[in-house]
Amino acid sequence: MAEKPSQEYVFVSYKLPLPYRWAAGKYLSKLYKEMRDHKKLVTNRCPQCRQLIWPPEMVCGRCKVRAGDEWVELSDKGKVVGYTYMVVPLWDPHKGMRVPEEHPYATILLDDGMYVVSRLEEKDKSKLKVGMRVQAVWKEEGRGHGLDEDILYFRTIG
Amino acid sequence: MANRVAIVGVGQTHHRSKRPDVNVPELVNEAVRAALADAQMKMKDIEAVFVSNMEMFEGIYLPDHWIADEDGNFMKPGFKIAAGGTSGIASAKEGWHFLSAGIFDTAMLIGFEKLDSGDTTAAITTATTLAWGKGEARGAIGEFAKQAANYMQQSGATDVHAAMVRLKADQCACRNEYAHLKLGLKSVDDILKSPFLEWPLRLLDFCPQSCGACALIIATEEKARKITKKPVWIADVVSVHQLPFRAGAFCDLDGREPYSEDLASVKLYKRNGITNVRRDIDMAEIYEPSNWEEMFLCEVFHFCEKNEGWKMIEKGMTGIEGEFPVNPSGGVISSNPIGATPTVRMAECALQIRGDAGTHQVTRDVKAAVATALGGPNWTAMVLLKRSL
């Protein structure tokens, strides 16, 4: 049973700055470099089930075999399959602050059958709907550090 | 032939948003003492301790070492499991394995979390592989918001149905002395006027961050029958992992991948001769981080047909007096000490089977109950508990 505060409780505060530096690995690095240098999405194909793996990686989780290096260029167009928008800004540990967002964000199913999560250009909530066609708008200067680093948002198309 | 294993003791804390009066080991000790008292056992009777907790929520590397005096683990075997929302059942599963195999005859399963220590959502955000899913800092809320929006669109449920689930949860929580949020909500309007957190989730549509611990004592058959007249048998445990985070999509939204809940429950029902879920099982305690999720989970666990999860609440089936109670404890939306949450689900099922749930004892006679947990990228752990085997 929680005791009623009858004494001064002591708290020890602690800020933990823990910088990390992750190796993206062979497969993600290939994707990130293609995005940075050619504004293209690429991935590898499983030699057994022939399905495209996403994100690119060395093992096909379904077949449990080495996925290999058969690389395929992907469309940067797709459709929105789910969306939401933040009303109360949440703490972003990658940025170390609460980040309010201007743009709604969505799970997008690309035409080649893989999901990406990205912001949407469309800010008018009444115009958001599942099934809407979208295409990536690339940043002019990509950093090659991940999808959100190189894709600005997805724009509604036709 | 594997040993039969039963839950013989149950203990939990009064879950709260803040517990300034205790540190982590002291919090855990409350649940440990309660379970020992319930089983009328001493710590010397416990052979091993299995712990469930997520280090990053409290920011303590090796929390199992910190609590080793207060949880009785000192100089005994056991280990900690951190598997997100499934941890509590994952650690129970490991304890069950060891007892089934005859390695130990008694063990304690402890789940705990003290979420007033740090920022849970920030910690959860690091679950997306940081070289891949970075920049989508929404923790669990964003994913459940998208699932809610999708469920609304697919099933025909409205926010009124979600509010009915929330109201039911609060009515249950108000009857459970251990529950954290007891809001005394009067009508669905109380929920519908709460502010949006992340569309379409309102503040009252999502689980709180709680401080709490829960301990279960399990024993092999011969011991169990000596310890208690009311052993609760662990009939089966199933866990299924989903493919890891792809684009941060929590589930497969276009139906190409099966849901881990679907695979796990079908396997559990088949192995245990359950052909009509609502007839053969009497109630469920499920891990529903949001009210929307409860309606969806009722479908993927096959408590009802697809797109009919919202009809269960509309017909009043899932309340304490309903024909198939779901989360009569008030559920996760009322109390969520994450590492303890699945342990609490098992504890609550055990109390219902024993008839010891007190003011929130369900009307239906509970001979079999299912406890479930959900974690990380939609992986599922399920336990089937029974009064007799």
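# Worked exercises on chains A and B

With 389 residues, chain B would be expected to have a radius of gyration near 21 Å as a compact globule, and its 19 Å agrees with that. Bear in mind that this is a predicted model.

## Exercise 1: Size up the two chains

Task: work out which chain fits the globule rule, and what share of each chain is buried.

Solution.

- Step 1. Start with chain B, where 19 Å agrees with the value near 21 Å for a compact globule. Its C-alpha trace spans about 55 × 45 × 40 Å along the principal axes.
- Step 2. Now count what chain A is built from: 2 helices and 11 strands. In sequence order they run α-β-β-β-β-β-β-β-β-β-β-α-β. The globule rule gives 15 Å for the 158 residues of chain A, but the radius of gyration is 20 Å, well over that, so chain A is more spread out than a compact globule. The box filled by its C-alpha atoms is roughly 65 × 40 × 35 Å.
- Step 3. Look at burial. In chain A, 32% of the 158 residues are buried; in chain B, 62% of the 389 residues are.
- Step 4. Look at contacts with a separation of 6 or more. Residues 24 or more positions apart supply 49% of these in chain A and 80% in chain B.

## Exercise 2: Find the buried side of a helix

Task: take helix 1 of chain A and say which residues are buried, then which exposed residues sit on the face turned away from them.

Solution.

- Step 1. Check the length. Helix 1 of chain A covers residues 25-38, and its 14 residues should span 20 Å at 1.5 Å a residue; the end C-alpha atoms are 19 Å apart, which agrees.
- Step 2. List the buried residues: Tyr27(A), Leu31(A), Tyr32(A), Glu34(A) and Met35(A). They take up an arc of only 155° around the axis, so they lie on the same side of helix 1 of chain A.
- Step 3. Recall the helix geometry. With 3.6 residues a turn, an α-helix has residues three or four places apart pointing the same way.
- Step 4. Turn to the other face, away from the buried side, and you find the exposed residues Lys26(A) and Asp37(A).
- Step 5. Ask what does the covering. Strand 1 (41-44) and helix 2 (147-150) of chain A are among the elements over the buried residues.
- Step 6. Look just past the end of helix 1 of chain A, where Lys39(A) has a positive phi of about 50°.

## Exercise 3: Walk across the sheet of chain B

Task: give the strand order of the open sheet in chain B, then follow strand 4 of chain B to its pairing partners.

Solution.

- Step 1. Chain B has 14 helices and 11 strands. An open sheet is formed by 9 strands in the order 3-2-4-7-1-8-11-10-9, with mixed pairing. Strand 3 (78-81) and strand 9 (283-285) of chain B are the edges, each pairing on one side only. On average, neighbouring strands are turned by 25° against each other, direction ignored.
- Step 2. Remember how such partners are held: strands of a sheet pair through backbone hydrogen bonds, either parallel or antiparallel.
- Step 3. Go to strand 4 (residues 106-114) of chain B. With strand 2 (residues 48-52) of chain B the pairing is parallel, over 5 bridges, and Ser52(B) has Gly111(B) as its bridge partner. With strand 7 (residues 211-220) of chain B it is antiparallel, over 9 bridges, and Thr106(B) stands opposite Ala219(B).
- Step 4. Check the burial of strand 4 of chain B: 9 of its 9 residues are buried. Thr106(B), Met108(B), Ile110(B), Phe112(B) and Lys114(B) point one way, while Ala107(B), Leu109(B), Gly111(B) and Glu113(B) point the other.

## Exercise 4: Place helix 14 of chain B

Task: decide whether helix 14 of chain B is largely enclosed or not, and say which strands it touches.

Solution.

- Step 1. Helix 14 of chain B (residues 341-354) reaches 20 Å from first to last C-alpha, close to the expected 20 Å.
- Step 2. Of its 14 residues, 13 are buried, so helix 14 of chain B is largely enclosed by the rest of the structure.
- Step 3. Strand 1 (residues 5-12) and strand 8 (residues 232-240) of chain B pair in the antiparallel sense over 2 bridges. Helix 14 of chain B packs on the sheet and touches both, along with strands 2, 4, 7, 9, 10 and 11 of chain B. Its direction makes about 170° with that of strand 10 of chain B.
- Step 4. Just after helix 14 of chain B comes Gly355(B), with a positive phi of about 80°.

How values were computed
Residues numbered from 1 in each chain as written. Chains lettered and ligands numbered in written order. Predicted model: local features only at pLDDT ≥ 70, side-chain atom pairs only at ≥ 80, totals over all residues. Helix = DSSP H or I, 4+ residues; strand = E, 2+ residues; numbered from the N terminus. Rg over C-alpha atoms; globule rule 2.2 N^0.38 Å. Buried ≥ 20, exposed ≤ 12 C-beta atoms within 10 Å, placed from the backbone. Contact = placed C-beta atoms within 7 Å. Expected span 1.5 Å × (residues − 1). Pairing = 2+ DSSP bridges. Axes fitted to C-alpha atoms, helices over the stretch in contact; angles between N-to-C directions. Arc of directions from axis to C-beta.
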